[in-house]
Structure formats: structure tokens, C-alpha cells
Amino acid sequence: MDIADCDFLSDKGDSDVDNDIPDDEYSSDPEINKYYVHCITCRNRLFGRQRPLHLVIGGGLAADVILWRNKETSACVLAGATVVWLLTEWIGYQFFTLFCNTLLITFTLLFLWSNLATYTNFVLPPQLPNITLPEGSLVGPALLLRCEYHRALRTFNKVIFGADFKRFLKMVGALWILSICGSRFNFLTLFYLVTVILLTVPMLYENFEDNVDSFAEKALLEIRNKYAQLDQSVFQKLKNGINNC
């Protein structure tokens, strides 16, 4: 089990760990599963989560890169994104031209390396790995994508055709923020900003999650109180006026 995940979980003893919950019911790490199912912390976490942040964002290599547990890969991703953004935005290099020229230089160097290694004592270039996909390996992601698609449709139906004004405000606010960001930045700059945020905010949150969760709990409580006052003074009166008409 990862040390950061162990810190999140409170141990209630070995007697409570080995009962009732199968290892493969929640994620790919059975040791973490046993703990977070039975060991629920008393501290309030952001958005009510009860699992370590590493598991919340999916676990595996992607989570390791985002949380900087694989520092070399994370640094390479951040450096590569920064170089591409600097070449395209500051120097004015077109992204498609940069992509094609990068492939051209890479293929040329590999071709020359391979041919020179044949006639000299140079080390042979690395071979491309032979990737084999097991039969039916794409069925799981396809079913998950279909499930998320139907869930999004149900959410949109509840928001657009339902009476949940709070969800409607959330959707309008999110679209408004995206519209402002889209008007201020082009797509490549926005993509770079999202990459930087993904590689910094989750890592900083994991390091200071106790302080952030405490502050977020107070902020959410204040927002709920303000919304309750607004709902009582404005929205309920509007609804009653519409019903009376």
C-alpha cells in the first residue's frame, strides 16, 4: 500500500479487515480496498470522498504521473508540454508543422542510426515493443463509456426538463466559465493550462489536504447558507408568483 494512502486511512485492527468485502470489488489494489471499505476516517474530506486521492483519480500510471509519484515521467510530460507551448505561442511555430517536423527528424535519425549500426560497431536502436491486445479488452472501456453517456443524458434531462434549479445554476455557471476561458485563450494555450493544472493542483492538494478540506468545508457551508437565503427570498417568491398566475 502506498504511504500517502496509508496516511489517509485509519486502522481499526486486523479483525475488521478480512471480513465480508471481496478484494476485486472496488479497484485493482486489494490491500487498499480492505482498508478503505472498513476504515472510514472521521475527518470530512472534500466532496465527501472516503477513498485516497490516488484511487479517486483512477489509480495506475496516470494517477502516479498526476500526483508526481513517478517523478521522471511527470517531469517529462510537463517539460514536453511547455516546450510545445513555447514553440507554438512565443516563436509562432504552427502545431501541425511542429508535429510533422518532429516525426520527420525522429524517423530520419532512427533510419540513419539503424543503417550505421549495421556497418559499424554502433549500438542498435531500440526495437518497438510488440503490443498484443487480448480478445475482448476493449469491451470493458466501451461499456463504461456507454454507462457514462447514459448517465450524462439522464443528468441533462433532469437539469433541462426538471425542476432542480441548483443543478441548472451549476451547469450555467460551468458553461459561462468555459465560455470566458475560450474567449481569452486559444485551444492550445487552454490545453497547456489544463495540463499544468492537472500536474500541480492534485499534487499540492494531496500534500495539504487537511488544511484544504477544513477550509473547503467552511466555504461550502457558507455557500449553502447564502443559497438557502437566496432561495427563500427570491426563487420561492418567483415560483409562487408563477404558480399563482
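A salt bridge, as the term is used here, is a side-chain nitrogen of Lys or Arg within 4 Å of a carboxyl oxygen of Asp or Glu. Keep that cut-off in mind as we walk through this predicted model, where a search of the whole structure turns up three such pairs.

Let's begin with the overall fold. The protein chain contains 10 helices and zero strands, so if you trace the pattern along the sequence, you will read α-α-α-α-α-α-α-α-α-α. Of the 245 residues in the chain, 16% are buried. The accessible surface comes to about 18700 Å², and carbon and sulfur atoms account for 66% of that area. As for how the chain meets itself, take the contacts with a separation of 6 or more: 52% of them join residues 24 or more positions apart.

Now to the charged pairs. Side chains of opposite charge can pair when their charged atoms come close. Arginine 69 and glutamate 206 form a salt bridge in which the closest N and O atoms are 2.4 Å apart. Arginine 69 sits in the loop between helix H4 (60-66) and helix H5 (71-90), while glutamate 206 belongs to helix H9 (residues 187-207), so this pair ties together parts that are 137 residues apart in sequence. How do the two partners stand towards the surface, buried or partly exposed? Arginine 69 has 24% relative accessibility and therefore counts as partly exposed. Glutamate 206, at 16%, counts as buried, because the cut-off for that class is under 20% relative accessible area.

The next pair lies within one helix. Arginine 151 and glutamate 148 meet in a salt bridge with an N to O distance of 3.6 Å. Both residues are part of helix H7 (residues 139-161), where they are three residues apart, about one turn of the helix. Arginine 151 is partly exposed at 44% relative accessible area, and glutamate 148 is partly exposed too, at 36%.

Helix H10 (residues 209-244) holds both glutamate 222 and lysine 226, which are four residues apart, again about one turn of the helix. Their salt bridge has its closest N and O atoms 3.9 Å apart, a value that meets the definition because the limit is set at within 4 Å. Glutamate 222 has a relative accessible area of 41% and is partly exposed; lysine 226, with 48%, is partly exposed as well.

A polar contact of another kind can be found at helix H3 (residues 53-56), which includes histidine 54. The side chain of histidine 54 makes a polar contact with the side chain of aspartate 64, at 2.7 Å. Histidine 54 is buried, with a relative accessible area of 10%.

Finally, turn to the nonpolar side of the surface. Which residues make a nonpolar surface patch of about 1100 Å²? The patch is made by Phe95, Phe99, Leu103, Phe107, Leu110, Phe111, Leu112, Trp113, Leu116, Phe122 and Val123. One of these, tryptophan 113, has its place in helix H6 (residues 95-119). Its relative accessibility of 35% makes tryptophan 113 partly exposed, and it can join the patch because members need over 30% relative accessible area and no salt bridge.

Terms used:
Residues numbered from 1 in each chain as written. Predicted model: local features only at pLDDT ≥ 70, side-chain atom pairs only at ≥ 80, totals over all residues. Heavy atoms only, no water. Helix = DSSP H or I, 4+ residues; strand = E, 2+ residues; numbered from the N terminus. Buried < 20%, exposed > 50% of the residue type's maximum accessible area, 1.4 Å probe, protein only. Patch = residues over 30% accessible without salt bridge, like charges linked within 9 Å, V, L, I, M, F, W, Y side chains within 5 Å. Areas by Shrake-Rupley, 256 points an atom, 1.4 Å probe, with all protein chains shown as cover. Contact = heavy atoms within 4.5 Å. Polar contact = N/O pair within 3.5 Å; in protein donor to acceptor, adjacent residues only side chain to side chain.
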